[in-house]
Structure formats: C-alpha cells, structure tokens
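Dear colleague,

I am passing on a structure that you have not worked with before, and I would be glad if you looked through it alongside the notes that follow.

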Amino acid sequence: MIRQIRIVLVGVCAIAGAVVGPAVVAGAARPAGRTSVAKIPVVLREFSVRPQRDFTSADSVTFVAKNAGTEVHELVLARLADGRPLPVEADGAADEAAIAEADAEGEAEDIPAGRSKRFTASDLTPGAYELFCNIVEQEDGETVSHYAKGMHTVFVVQ
Ligand SMILES: [Cu+2]
C-alpha cells in the first residue's frame, strides 16, 4: 500500500495567486529578445522531469506538466538563489520551507498518472531555476523521495 505524504508548502500558492503579469498593451514595444509568454510542455515519470526546452527568453512561462508515469507526481518551479542548489531535508526532499517566497514561482500539485496540469509563472527574472517533483511517499515502510530519485532539472531564464 502506498501512502502519499504531502510536503507542507509555505506561501507557494499565495505567491502564485498574487503574482499577476504586467498588462500587455497591444502594439506596445517590448525589449528586444523578450517575448511575453512561452508555453513549455514537461514530461514527468519515475523518476525524471523532462521539459521540452530547458531555457526561455520569455518573462512568463506556462508549464504544461504531463504525468507519463504510473504514480502521482507534481511540478514545482523555484528560483535558485545565487544559482545555488536547493537545500534538501533528511529524507532527500527539497526543503521548500527554506525557499524564499519571492523564489517560489508556482506549481501544479497532485497530477494523477496519465493526466496533465498547468501553471503560469509570471515576471520571471533572468537566472537559474529548478523544475522538480517533491512528493515523498512511504512504500513498504521505506521513505521514497521523488526529488532524491532524480525528479529535478535546472531551467534557465535568459
Ligand atoms: Cu514525482
């Protein structure tokens, strides 16, 4: 029997809900090389996170996460402060409580096998980010962290 244990997410949803991209005025000039919105599919499975592209020059990105695996997964985007890796907890999961609210860019939670969910991260500044699944489960008395099993990858905003 598999029991899902949700990691407590601090402020991630609040941030995702509160951040509203700047109004785009039709015909307004944008800085060269910056587009407004990109849509990037991401494939999740045991145990990998594979975006169709691992970089963008857009300042807003809609991630469409497809769970191609057999277990429940999620997709979280966090900015890497100073480009350093995310801190991890004793069970190997990313320590989301240690991520500053301003660095928590959004997530799609609890995506069943075979299903897709999306979220849009707005006002992204250039730098390194991480896309990851932070599900931790107990299976036959063993703690399994999807993050520790490899469900994370760097994503760059140019
Ligand atoms: Cu997962």
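In what follows, two residues are said to be in contact when heavy atoms of theirs lie within 4.5 Å. Please keep in mind throughout that this is a predicted model.

With that meaning of contact, and leaving aside residues up to four places away in sequence, Asn67 touches Leu44, Val72, His73, Ile111, Pro112, Ala113, Gly114 and Arg115. Asn67 belongs to strand β5, which covers residues 60-67, and it counts as buried because its relative accessibility is 1%, where the cut-off for buried is under 20%. The side chain of Asn67 also takes part in polar contacts: it reaches the backbone nitrogen of Gly69 at 2.9 Å, and one of its polar atoms lies 3.4 Å from the backbone oxygen of Pro112.

One of the residues that Asn67 touches, His73, leads on to the metal site, since His73 is among the protein donors of the copper ion. These donors are His73 (ND1), Cys133 (SG), His146 (ND1) and Met151 (SD), and they lie 2.0 to 2.6 Å from the copper ion. The arrangement is tetrahedral because the four donor atoms subtend angles of 88 to 134° around the copper ion, and in sequence the donor residues follow the spacing H-x59-C-x12-H-x4-M. Cys133 sits in the loop between β9 (127-132) and β10 (136-139), while His146 sits in the loop between β11 (142-145) and β12 (152-157), so the pair ties together parts that are 13 residues apart in sequence. Both Cys133 and His146 are buried.

With best regards

Terms used:
Residues numbered from 1 in each chain as written. Predicted model: local features only at pLDDT ≥ 70, side-chain atom pairs only at ≥ 80, totals over all residues. Heavy atoms only, no water. Helix = DSSP H or I, 4+ residues; strand = E, 2+ residues; numbered from the N terminus. Buried < 20%, exposed > 50% of the residue type's maximum accessible area, 1.4 Å probe, protein only. Polar contact = N/O pair within 3.5 Å; in protein donor to acceptor, adjacent residues only side chain to side chain. Donors = N, O, S within 2.8 Å, 3.2 Å for Na, K, Ca; no water. Tetrahedral: all angles 85-135°; square planar, octahedral: opposite > 155°, others 65-115°.
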